[in-house]
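User: Please take me through the model shown here, one question at a time, and end each answer on the value or name that I ask for.
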Number of protein chains: 2
Amino acid sequence: MSVEDGIDFAIIELFFFAYRDFTSDPDQILADYGFGRAHHRVLHFVNRRPGLTVAELLDVLKITKQSLARVLKQLIDTDHVVQLQGPRDRRQRELYPTAKGRALALALARPQSRRIRAALEDSGATERALVERFLEAMVNPELRAQIDVGSAKMSGKSHGEH
Amino acid sequence: MSVEDGIDFAIIELFFFAYRDFTSDPDQILADYGFGRAHHRVLHFVNRRPGLTVAELLDVLKITKQSLARVLKQLIDTDHVVQLQGPRDRRQRELYPTAKGRALALALARPQSRRIRAALEDSGATERALVERFLEAMVNPELRAQIDVGSAKMSGKSHGEH
DNA sequence: GAAATTACGTCAATAGTACTGACATAATCT
DNA sequence: AGATTATGTCAGTACTATTGACGTAATTTC
């Protein structure tokens, strides 16, 4: 169905609409802080992978360090993120969320999670797994390593407050 | 699994990565034309809903007419899109793709469709329907009318070349 | 038929996010 | 000691988006 010229227009369009609305919820909240989507992404990944270095963050986001600079500086200046000198390599800066940063990251994730829950409302674990599998398969194969689907990597890595 | 603080971080992240890579394919092609993502979106919807008016396009894209102006002008100047005076209301401008515009829209959609096909490789119609249902459910309910999943609306609307 | 509204176009100013290129500093590696 | 690496920063540019204001032509309303 809705495959014209062998092109899957239906899912192409659905993906556009779905992502547009998916990002609209946090955008509202971010506006109150004078932040944009870039701040959201940085905060999200610092929160999810506390202690990641600047280089690792750049690699995950696939942006340049000049693009990151302003956004990261603002998050540090507003006390949402802190930098600690790397323990092994003192050139590195490990990034950690503050309590304030974690709270904001959570506030931003909440409506998105709510939207996902609603979309999977009448679905069981099978359907959920299928959606996860589909989304993962949409990611470039060589980049799937970046994805941290399981919670294993997180559980032992509580660095507390900084 | 991977639901911390009751937040579905797994799908939030997967959605980010999936959409990033999903848009990266056409971005490469667009660069050759000096176009950006905005041009892609306009071209896509003009192609999908030939004859739609400027106001309808703004409503679908959820941007302002000032944002659309430059992009649409460039697409018209480069002979990818044409404007025709509305038959009923002559204030309106109906937008149609040219053959050139259709060719570009198709070239942009091809790698995206290929990616979707690969992601659904070992899936049947059931799984495909499930993914469609999920994506549709992610869209704001009041905006689902915009989505043109079926091909019914398209089939009889071939306006030919302009 | 005059007045209000609508559809569209355009000018000006601003913001957010991204880019390339270049250069500096400190730390680590060879 | 010299090369490389990790990070920071300065300068310039591009793309997409915004708000606000104004103009024109066509349609609707009274």
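User: Which residue of chain B comes closest to the rotation axis, judged by C-alpha?
Analyst: This is a predicted model, in which local features need pLDDT of at least 70 and side-chain atom pairs count only at pLDDT 80 or more, while totals for chains, interfaces and linings use all residues. Residues are numbered from 1 along each chain as written, chains are lettered from A and ligands numbered from 1 in the order written, and side-chain values use heavy atoms, without hydrogens or water. With its C-alpha at 3.1 Å, the residue of chain B that comes closest to the axis is Val131(B).

User: By what turn can chain B be laid on chain A, and what kind of axis relates the two copies?
Analyst: The superposition (least squares on the C-alpha atoms of residues with pLDDT of at least 70 in both copies) lays chain B on chain A with an RMSD of 0.1 Å. The operation is a turn of 180° with a shift of 0.0 Å along the axis. The two copies are therefore related as by a two-fold rotation axis.

User: How many residues of chain A are in contact with chain B, and why do the copies meet through the same surface?
Analyst: The copies meet through the same surface because 98% of the interface residues of chain B are also interface residues in chain A. Counting contact as heavy atoms within 4.5 Å, 60 residues of chain B touch chain A, and the number of chain A residues that they meet is 59.

User: What area is buried between chain B and chain A?
Analyst: Carbon and sulfur atoms give 71% of this area, which is the accessible area (1.4 Å probe) lost on putting the two parts together, summed over both. The total buried between chain B and chain A is about 6,100 Å².

User: How many salt bridges cross this interface, and which element gives the largest share of the side of chain B that touches chain A?
Analyst: The rule (a side-chain nitrogen of Lys or Arg within 4 Å of a carboxyl oxygen of Asp or Glu) finds six salt bridges between chain B and chain A. In a salt bridge between Glu13(B) and Arg48(A), the N to O distance is 2.5 Å. Helices H1 (9-33), H2 (37-48), H3, H5 (99-119) and H6 (125-138) of chain B each give two or more residues to the side that touches chain A, helices being DSSP runs (H or I, at least four residues) numbered from the N terminus. The largest share, 14 residues, comes from H1(B).

User: Which element gives the most to the surface near DNA strand C?
Analyst: Taking near as a heavy atom within 4 Å, 24 residues surround DNA strand C, with Arg41(A), Ser67(A), Lys65(B), Gln83(B) and Arg91(B) as the closest. Polar side-chain atoms of Gln66(A) and Arg91(B) lie 2.9 Å and 2.4 Å, respectively, from a base oxygen of DNA strand C, whereas a side-chain N or O atom of Arg70(A) is 3.0 Å from a phosphate oxygen. Two or more residues each come from H2 (37-48) and H4 (65-77) of chain A and from H3 (54-61) and H4 (65-77) of chain B. The most, four residues, come from H2(A).

User: Which residue places a side-chain N or O atom 2.3 Å from a base oxygen of DNA strand D?
Analyst: Of the atoms of DNA strand D within 4 Å of the protein, 59% belong to sugar or phosphate and the rest to bases. On the phosphate side, a polar backbone atom of Ala55(A) lies 2.8 Å from a phosphate oxygen, and an N or O atom in the side chain of Arg70(B) lies 2.9 Å from a phosphate oxygen. The residue with a side-chain N or O atom 2.3 Å from a base oxygen is Arg91(A).

Methods:
A polar contact is a pair of N or O atoms within 3.5 Å; within protein, one must be able to donate a hydrogen and the other to accept it, and residues adjacent in sequence count only if both atoms are side-chain atoms.
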